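Colleague: I would like a close look at one part of this model. Please take the negative surface patch, and then whatever lies around helix H5 in the chain.

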Amino acid sequence: MKRKLYYVLFVLYAIVVIFVLYLNGVFTGEWNSSVNLMINIGFLIMIGILFAISSISFGRLGRMVSDLEEVSRHLKEEYKKAGEKNLWVNHKNDEEFFEEKILQEAFNKYRLRVKGVKARRGASSSCDLEEYINEDLLDRAGMNFFNSGVPGTLTGIGILGTFLGLSLGLGAFSGDDIYTISDNVGALLSGMKVAFHTSVYGIFFSLVFSMIYRSLMSDAYQTLDDFLNVFRQTTQPFAAKDDENSATMLVYQAGMAGTLRQILEVLKGNAAEQTAGMGHIVDRFTQQMQAALDADFKKLGNVLKSAGESQTASAANVAEMVDAVTALVETNRNVQEALTCVMERQEMFARQLEEQKKLLADMCSDMSDEISSQLYTFEQMRNLYEK
């Protein structure tokens, strides 16, 4: 029944329309201003259009919430009958899981996601349905982008009617003396009536719409949470365990090893012959190079030996340089620590001097006050003596 709460808007709308028509004398045939009546009717038509657009989204949202509630109840019953076993096998290919098209499309995307993960990894992976059926989906179905601005629009309509009524009343008000002014008071009051009426029902509808809209969305969010909890408990596919993934990987590795073993057996004979031939060629080439370049190889060995000795001496020099730099760095660090200590002592001495200065200034001030007091006393005594 709560999901049909927006029907109250149309009941209140009809009551307000009848009330406004009655105040303008439509039922008694005594209306004084057709302009006021047309303005009120125009504003009420705009409000009615807003309510009609919102009712479409409210109806769609109510059907989705009812569908979620019905599916939750069905899953609970099916889960109990199945002996509390997971129901994903029964619904993984279900294309009529929901009656509402929006919910079914989101559920189909979820099913494809789960199947895709299974095809890539060889074992099913957990995927939460809330990624597809969530509060954002309900907000889009309930036209949150539109309905959230309706209360402000209704308030704006009331304010607009207020200024329009005052403008009409003041525009018809004129006169230079009390007699002409009293003749135009009726037009001013008629304009104020428009301003008052539009303000009242604009703000009234804004408050009522806001309460109903918030109530509907709160109920929808609560139903969604209940459905997701039931789905996770009864139907959501389990994530593959670590040992299952390890077993799958071992099977895959065993298959790859068998394939590589077959390839090696095929190439084994040709590889042995090619290796023997290559070894023979290398031996012949080595013998010829040794005969032709024996002396040059000896010279090259002597050169490399000299280069190694030079490199050793250079490494020793570099080590000595590193030791010297290390000692220099240590000396600099000690000097820096000494300078830091000297600076701290200077700062301490400066603070002591400042304290001594302040103490000396206080003593001078006290002495000055004491001398002034004694001079004043002496002056008083001298005056008494002279008298």
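Modeller: Here is the patch, followed by the loop after H5 and a few other local points. Keep in mind that this is a predicted model.

Four residues form the negative surface patch: Glu135, Asp136, Asp225 and Asp226. Two elements each give two or more residues to the patch, namely helix H5 (135-141) and helix H9 (185-234). Take glutamate 135. Its place is in helix H5. Glutamate 135 has a relative accessible area of 37%, so it is partly exposed. Patch members need over 30%.

Now the loop between H5 and helix H6 (144-147). Methionine 143 lies there. Its phi is positive, about 50°, although methionine 143 is not a glycine. Most residues other than glycine have a negative phi. Is methionine 143 buried or exposed? Its relative accessibility is 15%, so methionine 143 counts as buried; the cut-off for buried is under 20%.

Glutamate 84 makes a useful companion case. This residue sits in the loop between helix H2 (34-81) and helix H3 (88-91). Glutamate 84 also has a positive phi, about 60°, and is not a glycine. With 60% relative accessibility, glutamate 84 counts as exposed, because exposed means over 50%.

Last, the cysteines. How many disulfides does a search of the whole structure find? The count is zero. Cysteine 341 is partly exposed, at 30% relative accessible area. Cysteine 364 is partly exposed too, at 45%.

Methods. Residues are numbered from 1 along each chain as its sequence is written. This is a predicted model: local features need pLDDT of at least 70, side-chain atom pairs count only at pLDDT 80 or more; totals for chains, interfaces and linings use all residues. Side-chain values use heavy atoms; hydrogens and water are left out. Patches are made of residues with over 30% relative accessible area and no salt bridge: like charges are joined within 9 Å, nonpolar side chains (Val, Leu, Ile, Met, Phe, Trp, Tyr) within 5 Å. Accessible areas come from the Shrake-Rupley method with a 1.4 Å probe; for residues, only the protein chains shown count as cover. A salt bridge is a side-chain nitrogen of Lys or Arg within 4 Å of a carboxyl oxygen of Asp or Glu. Lys and Arg count as positive and Asp and Glu as negative; His and the chain ends are not counted. The place of a charge is taken as NZ of Lys, CZ of Arg, CG of Asp or CD of Glu. Helices (H or I, at least four residues) and strands (E, at least two) are DSSP runs, numbered from the N terminus. Buried means under 20% relative accessible area, exposed over 50%, partly exposed in between (1.4 Å probe, protein chains only). A disulfide is a pair of cysteine sulfur atoms within 2.5 Å.
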